[in-house]
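Welcome, and please open your viewer. This short tour moves from one selection to the next and tells you what to look for at each stop.

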Amino acid sequence: MRNLIIYLLLLILSTNLYAQKKLWSIKDCMEYAINNSYRVKIQELNNKNTDVNYLTAVLNTVPSISAGTGVTTSFGRSVSNETNTFINTANLSNSYSISGSMTLFNGFSVINGIKSAKIAQLQGKETHQQIIDDICQRTMQAFFNVIYYTELISFAEKKVETSILNLHFVTIQEELGLKGETDILENEAQLASDEYTLLQYKNQYDYEVLNLKDQMSFPLDEDINIDMTDQWWNILPRYTQNSSDDIFRIALNFLPEMINSQLNIENMKLNLKTAKWQQLPSISLSGGYSTSFSKGIKNAKSSVDPFFDQLRHKAGQSVGASVSIPVFGRLSRRSSIIRTKNNLKIYEYNYENNVRDLEKQIERALKDVESKSTEYIQALKKLSAQERVHEINQKRYEEGLMNFIELQNSSNNLSNAQIQKLSTQFEYHIKKHLLDYYSGVNYIEREF
């Protein structure tokens, strides 16, 4: 028993240790965000409701059936079943009935109701996918921001190390009489500035990690370790020219918001048909069966027909049909048709506006990807050249061939080149993922 307890404790500790050391890739973060999002869970419940509504709409095509029974006890004067005269007695009556009704024609509202419920099902699925896509996009952006500030912290730490070395070098030079107190103060000020910048990056990094946890619905008091081993974001961007027309045709039938916009029009057309057909008569059919049993309570010696004989003798059937003809309903039907037509036109205008916006977004995304790709290549060349220049300037400063201000300008130019390259790099990936999304690739399904 003791060994078992020790084994369980070790297992729990190892599990916690594994959880703490787990490296979270961008897909891990997306999947966690989807599985723990309340928006997704709420929409899943809404979709279950639409499934129930669809089943209800289908069942409206079958007849409705109801059955009933009742027991009645009467005291005092009542009609005798044998003599059909009034007598003073107590009677017990038991009745049974079953009835059914069915609408034969009601302006095709039942059929259109089924179609409308089916459209609601499709819209629920598209809304569910739209929520997932939005969560993935937000999580991806937050993930990129964490990596971005991780890289900036790395740059800033290297700059702080260089400033410490420069300060140490100047201190030695000052002891040898080759540098003055001003040089030491300038290097101390530069070191303080670099440490301040590093602190800013660290604070912003903490904020971005908090934002990533928030997008993922991740526990805020637990650590999350981002996977930095693969570094796919450092791959040189490769831009291939895509046809905006091809992407547009795909996006039109792929993006959930566009599909929902089309379904809104289709559903409103059904509503308009239903509103028009409501001006015609409606026809319904009904039928029923009823019987009863009764006997006297006080006079036990009186003759009473057997239970089943009474049910058979007192049985009655009914069949009925009804026609409802709309004559005047204060123009409510006409008003309904006008409102439905207006709503249909509104949805059509919304769809046309969404189509035009989509065309602009695709053109903008294509331009962004193309420009960021070329900008990244130029930024990479600029950074490579600036690194060589600063390396030479650092040696010249150590040899006394360059003053501190010139070295500081060189260092700032290097930092700006690093930030520019990093910023352009992540902007490219964000725009490229958006363009791929328009091309029919969901964020969670793409390769990183």
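Start by selecting Glu445, which is exposed, with a relative accessible area of 53%. That value counts as exposed because the class begins over 50%. Keep in mind as you look around that this is a predicted model. Glu445 sits in the segment that follows H10. Now add Lys27 to the selection: its C-alpha atom is 8.9 Å from that of Glu445, although 418 residues separate the two along the chain.

From here, go to helix H10 (404-438) itself, which leads us to the largest pocket. Which residues lie nearest the centre of that pocket? Select Lys159, His390, Ser411, Leu414 and Ser415 to find them, out of 28 lining residues. The pocket holds about 580 Å³ of space. To see its walls, colour helix H4 (109-175), helix H5 (181-216), helix H9 (332-398) and H10, each of which supplies at least two lining residues. The largest share comes from H10, with 10 residues.

Next, follow H5 to its end and pick Ser217, in the loop that runs between H5 and strand E4 (225-226). Look at the backbone here: phi of Ser217 is near 60°, a positive value in a residue that is not glycine. Is Ser217 buried, exposed or partly exposed? It is partly exposed, at 33% relative accessibility, because that class lies between under 20% for buried and over 50% for exposed.

Now turn to the surface and select Met102, Leu104, Ile283, Leu285, Val319, Val323, Ile325, Val327, Phe328 and Leu331 together. These residues make a nonpolar surface patch of about 1,100 Å². Colour strand E3 (86-105), strand E5 (282-296) and strand E6 (316-324) as well, since each supplies at least two residues of the patch. Zoom in on Met102, a patch member that belongs to strand E3. Met102 is partly exposed, with a relative accessible area of 32%, so it passes the patch cut-off of over 30%.

For the last stop, select two cysteines, Cys29 and Cys136. Are they buried or exposed? Cys29 is buried, with a relative accessible area of 0%, and Cys136 is buried too, at 1%. How many disulfides does a search of the whole structure find? The search finds zero.

Technical notes:
Residues are numbered from 1 along each chain as its sequence is written. This is a predicted model: local features need pLDDT of at least 70, side-chain atom pairs count only at pLDDT 80 or more; totals for chains, interfaces and linings use all residues. Side-chain values use heavy atoms; hydrogens and water are left out. Patches are made of residues with over 30% relative accessible area and no salt bridge: like charges are joined within 9 Å, nonpolar side chains (Val, Leu, Ile, Met, Phe, Trp, Tyr) within 5 Å. Accessible areas come from the Shrake-Rupley method with a 1.4 Å probe; for residues, only the protein chains shown count as cover. A salt bridge is a side-chain nitrogen of Lys or Arg within 4 Å of a carboxyl oxygen of Asp or Glu. Helices (H or I, at least four residues) and strands (E, at least two) are DSSP runs, numbered from the N terminus. Buried means under 20% relative accessible area, exposed over 50%, partly exposed in between (1.4 Å probe, protein chains only). A disulfide is a pair of cysteine sulfur atoms within 2.5 Å. On a 1 Å grid over the protein atoms alone, a cavity is a set of points where a 1.4 Å probe fits but cannot get out, and a pocket is an open set with protein on both sides within 12 Å along at least five of seven lines; lining residues have an atom within 4 Å of a point. Grid points are joined across faces, edges and corners, and a volume is the space filled by probe spheres set on the points.
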